[in-house]
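Student: I'm new to this structure and would like a close look at a single part of it. Could you take me through the central sheet and what surrounds it, step by step?

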Amino acid sequence: MTAVIFDLDGTLADTSGDLLASANVCFRDMGLGDVLGSQDAGVALRGGRAMLRKGLERVGQLDDAVIDRYYPMLLEAYGAAICVHTTLYPGAMEAIATLKSHGHAVGICTNKPEALAEQLMTDLGVRDQFGSLVGADTLPVRKPNPEPLFEATRRLGVDPHACLLVGDSDTDRNTARAAGVPSVLVTFGPSGEDMAALDPEALLDDYAALPSVVAALLG
């Protein structure tokens, strides 16, 4: 058996709207107003600390201690409104159903905290479609260390090297490279135009093409 492992943010779902809203809760608490906007979607998909850093840089108040202090508030705000604007990318679940019908196991490997990833996938109504979910804090290490990818694959009962990773970032590309497995990078996320330069084994413009891409890479 082989496995197809998915990143979450920017790969399976556009989570940027809810992530940006959670960061702006923090900036409003600082008295700065809504510092981030839709143009910062790419930053949002790099995580909470990246959003706080970008916002503080924008207003000329970058301070690592402030980032550390507000990060728990950001997580709390995000957990309280995790699925207001978030949507699955078109065709994602149809492609996953096809992959499963072809005998591939599917799982998730994300740098979102595990509890939040579980909550989001449950709220989206699709958690039961994935046989494993490994988050940023499931193990002592996170992507681009390959061990979370291996663990997501092992939990599916699949040899950890018999997988590929579908993602949307240099983190995903570097994770797959460190694991010695193929990567497929989606081009429909906020940083899509940058994916070709990362030289993945395949680029994905539309989820409808994923089953054939997987067949070519995994057989």
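Tutor: Here is a walk that starts at one strand, moves across the sheet, and then turns to the side chains around it. Please keep in mind that this is a predicted model.

Let's begin with strand β1, which covers residues 3–6. Its side chains point two ways: A3 and I5 go one way, V4 and F6 go the other, and all of them are buried. Strand β1 also has a partner on each of two strands, β4 and β6. With β4, residues 105–109, the pairing is parallel and runs over four bridges. You can find the place by looking at F6, which stands opposite I108 in β4. With β6, residues 163–167, the pairing is again parallel, over four bridges. There A3 is the residue to look for, standing opposite C163 in β6. As background, strands of a sheet pair through backbone hydrogen bonds, either parallel or antiparallel.

Now step outward. From I108 you can go on to L133, which stands opposite I108 in β5. Strands β4 and β5 pair in the parallel sense over two bridges. Put together, the strands make an open sheet of six, in the order β5-β4-β1-β6-β7-β8, with parallel pairing. The edges are β5, residues 133–134, and β8; each has a single partner strand, so one side of each is left without a neighbour in the sheet.

Next, the side chains that gather around these strands. In soluble globular proteins, nonpolar side chains tend to be buried together. Here the largest nonpolar core has 52 residues, and F6, F130, Y207 and L210 touch the most other members. Helix α4, residues 64–80, gives the largest share of this core, with six residues. A second, separate core has 15 residues, including I5, A105, C109 and A176. So β1 takes part in both stories: F6 is one of the residues with the most contacts in the largest core, while I5 belongs to the second one, and these two side chains point opposite ways from the strand.

Y207 deserves a pause. At 1% relative accessibility, Y207 counts as buried, because the limit for that is under 20%. Leaving aside residues up to four places away in sequence, Y207 touches F6, T11, L12, Y89, P90, G91, A92, A95, V166 and F188. Two of the names in that list, Y89 and F188, join Y207 in one aromatic cluster.

Let's look at that cluster ring by ring. A pair of aromatic rings is described by the distance of the centres and the angle of the planes. The whole structure holds three aromatic pairs. In one of them, the rings of Y89 and F188 have centres 4.9 Å apart and planes at 55 degrees, so this pair is tilted. Y89 sits in the loop between β3 (87–88) and α5 (92–101), and F188 in the loop between β7 (183–186) and β8 (202–204), so the pair ties together parts that are 99 residues apart in sequence. Y89 counts as buried, at 11% relative accessibility, whereas F188 counts as partly exposed, at 26%. The rings of F188 and Y207 have centres 5.4 Å apart and planes at 45 degrees, so that pair is tilted too. Since Y207 lies in the loop between β8 and α9 (210–218), this second contact ties F188 to a part that is 19 residues away in sequence.

Finally, come back to C163, the residue opposite A3. C163 counts as buried, at 0% relative accessibility. Its closest cysteine sulfur is in C109, 9.1 Å away, which is too far for a bond. Away from this spot, C83 is partly exposed at 28% relative accessibility, and the sulfur of C83 is 20 Å from the closest cysteine sulfur, in C26, again too far for a bond. The count of disulfides comes to zero.

Terms used. Residues numbered from 1 in each chain as written. Predicted model: local features only at pLDDT ≥ 70, side-chain atom pairs only at ≥ 80, totals over all residues. Heavy atoms only, no water. Buried < 20%, exposed > 50% of the residue type's maximum accessible area, 1.4 Å probe, protein only. Pairing = 2+ DSSP bridges. Phe/Tyr/Trp six-rings, centres within 6.5 Å; stacked < 30°, edge-to-face > 60°. Core = buried A, V, L, I, M, F, W, Y, C linked by side-chain atoms within 4.5 Å. Contact = heavy atoms within 4.5 Å. Disulfide = S-S within 2.5 Å.
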